[in-house]
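This report covers a domain interface, a helix beside it and some backbone features. The coordinates and sequence follow.

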Amino acid sequence: MKKEVSPAPILKGTIKLPADKSISHRSVMFASLHKGQSSIHNFSSAADPHSTIECMQGLGVTVRKTGNTVEVEGVGRDGLQSPKEDLNCGNSGTTMRLLSGIIAGSGVSARLVGDESLSARTMKRIIDPLTQMGAEITARANDFAPLQINRTGPLKPLHFPLPIPSAQLKSCVLLAGLFGDKATEVIETLPSRDHTERLLDLPITEKNGQRHIYSSQADDIPAQDYRIPNDFSAAAFWLVAGAVHSNAEITLPNVGMNPTRFGALDILIQMGADITVRNEHNEGAEPVADVTVCSSDLKPIKITEEIVPNCIDEIPILMIAMLFADGVSHVSGAEELRHKETDRLKAMGEMLSKAGADVTEHKDGFEIRGDSDFRPEPASYDSFHDHRIAMSAAVLSMMGDQPSQIKDAECTAISYPSFWDDLSLLTN
Ligand code: S3P
């Protein structure tokens, strides 16, 4: 579907965001590993968490979804069954990487497949540690899905300093470790999202500025009975849209405010965005709050390596904010964006050039010469079937003087199925 996005004279309203995608995936995986019933409320309606539900069903778990509530009859760590059919992870890297840890740890045999984009994303980062733990993994070109995972020998505990600050890799190894009689230890230098540790309440120690996270059979896996917060990563599109637009006031209730996720909020506030956070409280193990953004005058910013893991999914939309900040902004240490649903640095480079922006792409980031009076040229933007690229293009297009088009715009359903409806709501 090609979507036309017109300049928006106004951007006002209250948006019910989709539930957090990362927590939705984990809640259904962990509920399956708990022996007994779990009820998960406000589960994401997006396509990616749905792939996780289908995979857990494929492993023999009864999962029922009615509206946004998911009921899981958890089978416990020893109750998973080897599936007869392939487990289809769709477009979801989180599903494939976390599930590989569960499969390797549990000792069931399974073949994991994904769509074209997922089949082109590196899996070597998880294959190496899981193989050291005793899994036998066959992958296309030793790196890519389909992944066939078996384990005939015993599960070995692993001492694993993370080679890249990836929450998917960290979670994969910790989930495999949950099946071991001796503790697996993951050492993290730059903090990445910590939903796995929080929801499983895993033991953590801090030494010399590093986090050591442990998992083993001894860790209880609690029932997952809570309401999932709304997705900060979805909120980020409206936070930027509201900040750059001259006639905006957008309220986003119940947004997940996990400190390992809200790097983009800190960055926007440093840029001078008019953002108010109210009603801070906890939902289960996760902090939430209501957030309002109003039209703002933005200053340029530097995003460097240390903060990247806390805003990894938000960098494309933050680059749109930088276009409207008077002065030169920089993004560096963000090469990991080349390994997402598409090469997001390349995709953004192409988008911003089409818009007529003054940008220079580097191997690991960008230099963006912004201007508060910048108006993107009308263009036909390629989403590269990547939900976050499509939504970034939509925010950019709203700021033009004439309509633009976004190709394959339906891909927003991967994380934000009501995105286009919410855009209409705010502009009417
Ligand atoms: C995710 C972790 C991040 C993020 C992805 C979701 C997760 O990936 O980009 O959208 O739920 O753990 P990496 O940890 O590989 O950077």
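Which residues of α10 are buried? In this predicted model, they are Arg344, Leu345, Ala347, Met348, Gly349, Met351 and Leu352. The elements that cover these buried residues include α9 (315–323), β20 (358–362), β21 (365–370), β22 (380–381) and α11. At the N-terminal end of α10, aspartate 343 acts as a cap, with a side-chain oxygen 3.2 Å from the backbone nitrogen of leucine 345. After α10 comes glycine 356, which has a positive phi near 85°.

**Domain interface**

The domain assignment divides the chain into domain 1 (3–19 + 229–427) and domain 2 (21–223). The contact between them involves 29 residues of domain 1 and 27 residues of domain 2. Their C-alpha centres are 29 Å apart. The size of an interface is often expressed as the accessible area lost when the parts come together. Here, domain 1 and domain 2 bury about 2200 Å² between them, and carbon and sulfur atoms give 48% of that area. On the domain 1 side, Ala19, Glu341 and Ile414 supply 24% of the area buried against domain 2, more than any other three residues.

There are 3 salt bridges between domain 1 and domain 2. Glutamate 336 and arginine 125 form a salt bridge, with the closest N and O atoms 2.5 Å apart. Across the interface of the two domains, 17 residue pairs are in polar contact, counting pairs with both residues at pLDDT 80 or more. The side of domain 1 that touches domain 2 draws at least two residues from each of β17 (286–294) and α11 (387–398). By class, that side of domain 1 has 11 nonpolar, 7 polar and 11 charged residues.

**Glutamate 341**

Where does glutamate 341 lie in the chain? Glutamate 341 is in the loop between β19 (327–331) and α10 (344–354). Glutamate 341 counts as buried because its relative accessible area is 11%, under the 20% cut-off. Beyond its neighbours within four places in sequence, glutamate 341 is in contact with Asn91, Ser117, Arg121, Asp386 and His387. Two side-chain polar contacts of glutamate 341 are listed below.

| Side-chain pair | Polar contact distance |
|---|---|
| Glutamate 341 and arginine 344 | 2.9 Å |
| Glutamate 341 and histidine 387 | 3.0 Å |

**Backbone features and an exposed loop residue**

Most residues other than glycine have a negative phi, and most peptide bonds are trans. Asparagine 208 and asparagine 254 have positive phi values, of about 45° and about 55° respectively. Are these two asparagines buried or exposed? Asparagine 208, in the loop between β12 (204–207) and β13, is exposed at 79% relative accessibility. Asparagine 254, in strand β15 (residues 248–256), is buried with a relative accessible area of 11%.

The peptide bond from alanine 145 to proline 146 is cis, its omega being near 5°. Proline 146 belongs to strand β9 (residues 144–150).

Alanine 218 occupies the loop between β13 (210–215) and β14 (226–227). Why does alanine 218 count as exposed? Alanine 218 counts as exposed because its relative accessible area is 70%, over the 50% cut-off. The C-alpha atom of alanine 218 is 7.4 Å from that of aspartate 181, although these residues are 37 residues apart along the chain.

Technical notes:
Residues are numbered from 1 along each chain as its sequence is written. Side-chain values use heavy atoms; hydrogens and water are left out. Domain bounds come from an automatic or database domain assignment. Contact means heavy atoms within 4.5 Å. Buried area is the accessible area (1.4 Å probe) that two parts lose on being put together, summed over both. A salt bridge is a side-chain nitrogen of Lys or Arg within 4 Å of a carboxyl oxygen of Asp or Glu. A polar contact is a pair of N or O atoms within 3.5 Å; within protein, one must be able to donate a hydrogen and the other to accept it, and residues adjacent in sequence count only if both atoms are side-chain atoms. Helices (H or I, at least four residues) and strands (E, at least two) are DSSP runs, numbered from the N terminus. Ala, Val, Leu, Ile, Met, Phe, Trp, Tyr, Cys and Pro count as nonpolar, Asp, Glu, Lys and Arg as charged, and the others, Gly among them, as polar. Buried means under 20% relative accessible area, exposed over 50%, partly exposed in between (1.4 Å probe, protein chains only).
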